[in-house]
Amino acid sequence: MFSTPTTAVTSQDLPPLKSYPLPETLVEWQDSNNSDDYFDQIEVQDVGYLIWSQFPIKVYVESSDNDESRSSQWVKTVVDAIWEWNIYLPLQVVDNPEIADIKIFNKRPPLRPGKLRARSAETRYQLYQDENGILSHNFVISLSPMQVGKYLPAAARHEFGHALGIWGHSPEKTDVMYYSQVAEPPPISSRDINTLKKIYLQTTRIGSKFPLSSDD
């Protein structure tokens, strides 16, 4: 599940669209099976595609002091799951949430207005202007404490795919980014990576400097 973004910038006077070189990790990866992709299911935002251009991507995973052993196992399970994406885009796990690009919390996602059904996981992103006047973004992932067994790593793997830029869902159950939970969660598929690779060939406004206003 992903949601509409919160934002600290307006749609007016956004930076221009630009493209970045394909990350070396994606350049090196080749699909030997010639699988297809689901790029046509990816949503384009006002700022273009949700592409990272600075690596490694810094990730914070919440730990808890309430039950140290249980919290440690939860963190290990989540980190192991998201680390599977490290082959394709470089990651770094950090202890300080203030410097993280992606933050993962062990909490139930908030209910949406008018919706009574609780969700098991959610990914949100925020747009903001950094201290250098550059349009930036970050993500917050909420994983419900009710997720147990094989469904916790499956949810973490899926939501992290959104945070890497796959802002959409696959229609195929054999892909990590399938739109619904399945009985036997699959590993990251060639279709997932083909889609990710195509996304990183697109344009974005993220990472570009805001134009100077007439008052500057």
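Helices (at least four residues) and strands (at least two) are DSSP runs, numbered from the N terminus. The views below use these labels on a predicted model.

**Figure 1. The whole chain has four helices and six strands.** From the N terminus on, the elements run β-α-β-α-β-β-β-β-α-α. The chain has 216 residues, and buried ones make up 48% of them. Its accessible surface comes to about 11,800 Å². Carbon and sulfur atoms hold 48% of that surface. Take the contacts in the chain with a separation of 6 or more: residues 24 or more positions apart account for 75% of them.

**Figure 2. The largest nonpolar core has 51 residues.** Five residues have the most contacts inside this core: Trp85, Ile102, Ile104, Leu143 and Phe160. Several elements each supply at least two core residues. Among them are strands E2 (57-61), E4 (102-106), E5 (121-129) and E6 (135-143). Helices H2 (68-83), H3 (151-163) and H4 (190-199) do so as well. H2 gives the most, with six residues.

**Figure 3. Ile102 in close-up, with its contacts from other parts of the chain.** Neighbours within four places in sequence are left aside here. Ile102 is in contact with Trp52, Ile57, Lys58, Val59 and Tyr60. Other contacts of Ile102 include Phe139, Ile141, Phe160, Ala163 and Leu164. Ile102 is also one of the residues with the most contacts inside the largest nonpolar core.

**Figure 4. Trp52 and Phe139 form a tilted aromatic pair.** The structure holds nine aromatic pairs. A pair of aromatic rings is described by the distance of the centres and the angle of the planes. For Trp52 and Phe139, the ring centres are 6.0 Å apart. Their planes stand at 50 degrees. Planes under 30 degrees apart count as stacked and those over 60 as edge-to-face, so this pair falls into the tilted class. The two residues are 87 residues apart in the chain. Trp52 sits in the loop between H1 and E2, and Phe139 in strand E6. Trp52 is buried, with a relative accessible area of 6%. Phe139 is buried too, at 0%. Together with Tyr125 and Trp167, Trp52 and Phe139 form one aromatic cluster.

**Figure 5. Asp37 and Lys198 meet in a salt bridge.** The distance from N to O is 3.1 Å. This pair links distant parts of the chain, 161 residues apart. Asp37 lies in the loop between helix H1 (24-28) and E2. Lys198 belongs to helix H4. Asp37 is partly exposed, at 25% relative accessible area. Lys198 is partly exposed as well, at 33%. A search of the whole structure finds seven salt bridges.

**Figure 6. Glu122 forms a salt bridge with Arg124.** The closest N and O atoms are 2.8 Å apart. Is each partner buried or partly exposed? Buried means under 20% relative accessible area, so Glu122, at 2%, counts as buried. Arg124 has 28% relative accessibility and counts as partly exposed.

**Figure 7. Lys150 forms a salt bridge with Glu184.** The closest N and O atoms of this pair are 2.9 Å apart. Lys150 lies in the loop between E6 and H3, and Glu184 in the loop between H3 and H4. The pair therefore ties together parts that are 34 residues apart in sequence. Lys150 is partly exposed, with 37% relative accessible area. Glu184 is exposed, with 58%. Elsewhere, salt bridges that share partners join Asp36, Asp175 and Arg191 into one network.

**Figure 8. Ser120 lies in the loop between E4 and E5.** What does Ser120 touch, not counting residues up to four places away in sequence? Ser120 touches Pro109, Ser142, Leu143, Ser144 and Gln147. With Gln147 there is a polar contact, side chain to side chain, at 3.1 Å. Ser120 and Arg108 are twelve residues apart along the chain. Their C-alpha atoms are separated by 6.7 Å. Ser120 is partly exposed, at 34% relative accessibility.

Terms used:
Residues numbered from 1 in each chain as written. Predicted model: local features only at pLDDT ≥ 70, side-chain atom pairs only at ≥ 80, totals over all residues. Heavy atoms only, no water. Core = buried A, V, L, I, M, F, W, Y, C linked by side-chain atoms within 4.5 Å. Buried < 20%, exposed > 50% of the residue type's maximum accessible area, 1.4 Å probe, protein only. Contact = heavy atoms within 4.5 Å. Salt bridge = Lys/Arg side-chain N within 4 Å of Asp/Glu carboxyl O. Polar contact = N/O pair within 3.5 Å; in protein donor to acceptor, adjacent residues only side chain to side chain. Areas by Shrake-Rupley, 256 points an atom, 1.4 Å probe, with all protein chains shown as cover. Phe/Tyr/Trp six-rings, centres within 6.5 Å; stacked < 30°, edge-to-face > 60°.
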